Amino acid sequence: MASKRYAEADRTVCVACGTCESVCPKRAAAVVKGRWAEIDRSLCVGCGLCAKACPANCIKLTERSDLS
């Protein structure tokens, strides 16, 4: 069963520190081109560890609307 939520990173606020990558248990978070974080929704389980650890506070949890 899919999680009810997923993480999203605001690339305009992200400082590309890589903290989200290091705490994500499913390896859903990645710093792209050394400039911003992206979260792979298909891998994200919505645990919120990345959002809690982010020093720039650019990651938010969002409710999934595509659950069956």
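By class, 10 nonpolar and 2 polar residues line the second largest cavity, with no charged residues in the lining. That is a handy place to start with this structure, which is a predicted model. The space inside this second largest cavity comes to about 60 Å³. Its walls are built from Cys-14, Val-15, Ala-16, Cys-17, Gly-18, Thr-19 and Cys-20, together with Cys-54, Pro-55, Ala-56, Cys-58 and Ile-59. How many cavities of 30 Å³ or more does the structure hold? The count is 2.

The largest cavity has a volume of about 90 Å³. Of the 14 residues lining the largest cavity, those closest to its centre are Cys-24, Cys-44, Gly-46, Cys-47 and Cys-50. Sorted by class, this lining is made up of 12 nonpolar and 2 polar residues, and again no charged ones turn up.

One of the residues in the wall of the second largest cavity, Cys-17, sits in the loop that runs between strand 1 (residues 5-9) and helix 1. Cys-17 has a relative accessibility of 44%, so it counts as partly exposed. Looking across to Trp-36, which is 19 residues away along the chain, the two C-alpha atoms are separated by 8.4 Å.

Next comes the hairpin. Strand 2 (residues 29-32) and strand 3 (residues 36-39) run antiparallel to each other and pair over 4 bridges. Between these two strands lie 3 residues, and in that turn Lys-33 has a positive phi of about 55°. Which residues of strand 3 partner Ala-30 and Val-31? Ala-30 is bridged to Glu-38, while Val-31 is bridged to Ala-37.

Ala-30 itself belongs to strand 2. Is Ala-30 buried, exposed or partly exposed? Its relative accessibility is 30%, which means that Ala-30 counts as partly exposed. Leaving out residues up to four places away in sequence, Ala-30 touches Glu-21, Trp-36, Ala-37 and Glu-38. The C-alpha atom of Ala-30 is separated by 12 Å from that of Arg-41, a residue 11 places along the chain.

Glu-38 also ties the hairpin to a loop residue, Arg-11. The side chains of Arg-11 and Glu-38 are joined by a polar contact of 2.7 Å. Arg-11 lies in the loop between strand 1 and helix 1, the loop where Cys-17 is found too. With a relative accessible area of 43%, Arg-11 is partly exposed. Once its neighbours within four places in sequence are set aside, Arg-11 is in contact with Trp-36 and Glu-38. Trp-36 and Glu-38 also appear among the residues that Ala-30 touches.

What about Arg-64, at the other end of a long stretch of sequence from Arg-11? The two are 53 residues apart in sequence, and their C-alpha atoms are 20 Å apart in space. Arg-64 lies in the segment that follows strand 4 (residues 59-63). Its relative accessibility is 15%, and because buried means under 20%, Arg-64 counts as buried. Which residues does Arg-64 touch, not counting residues up to four places away in sequence? They are Ser-3, Lys-4, Arg-5, Tyr-6, Arg-41 and Cys-44.

Two of these neighbours also offer backbone oxygens to the picture. A polar atom of the Arg-64 side chain lies 3.2 Å from the backbone oxygen of Arg-41, and a polar atom of that side chain lies 2.9 Å from the backbone oxygen of Cys-44. Cys-44 has already come up as one of the residues closest to the centre of the largest cavity.

Finally, a couple of backbone angles are worth a look. Arg-27 is not a glycine, yet it has a positive phi of about 60°. Arg-27 is placed in the loop between helix 1 (residues 19-23) and strand 2. At 72% relative accessibility, it counts as exposed. Asn-57 likewise has a positive phi, about 55°, although it is not a glycine either. Asn-57 is placed in the loop between helix 2 (residues 49-53) and strand 4.

Methods. Residues are numbered from 1 along each chain as its sequence is written. This is a predicted model: local features need pLDDT of at least 70, side-chain atom pairs count only at pLDDT 80 or more; totals for chains, interfaces and linings use all residues. Side-chain values use heavy atoms; hydrogens and water are left out. Two strands pair if DSSP finds at least two bridges between them. On a 1 Å grid over the protein atoms alone, a cavity is a set of points where a 1.4 Å probe fits but cannot get out, and a pocket is an open set with protein on both sides within 12 Å along at least five of seven lines; lining residues have an atom within 4 Å of a point. Grid points are joined across faces, edges and corners, and a volume is the space filled by probe spheres set on the points. Ala, Val, Leu, Ile, Met, Phe, Trp, Tyr, Cys and Pro count as nonpolar, Asp, Glu, Lys and Arg as charged, and the others, Gly among them, as polar. Buried means under 20% relative accessible area, exposed over 50%, partly exposed in between (1.4 Å probe, protein chains only). Contact means heavy atoms within 4.5 Å. A polar contact is a pair of N or O atoms within 3.5 Å; within protein, one must be able to donate a hydrogen and the other to accept it, and residues adjacent in sequence count only if both atoms are side-chain atoms.
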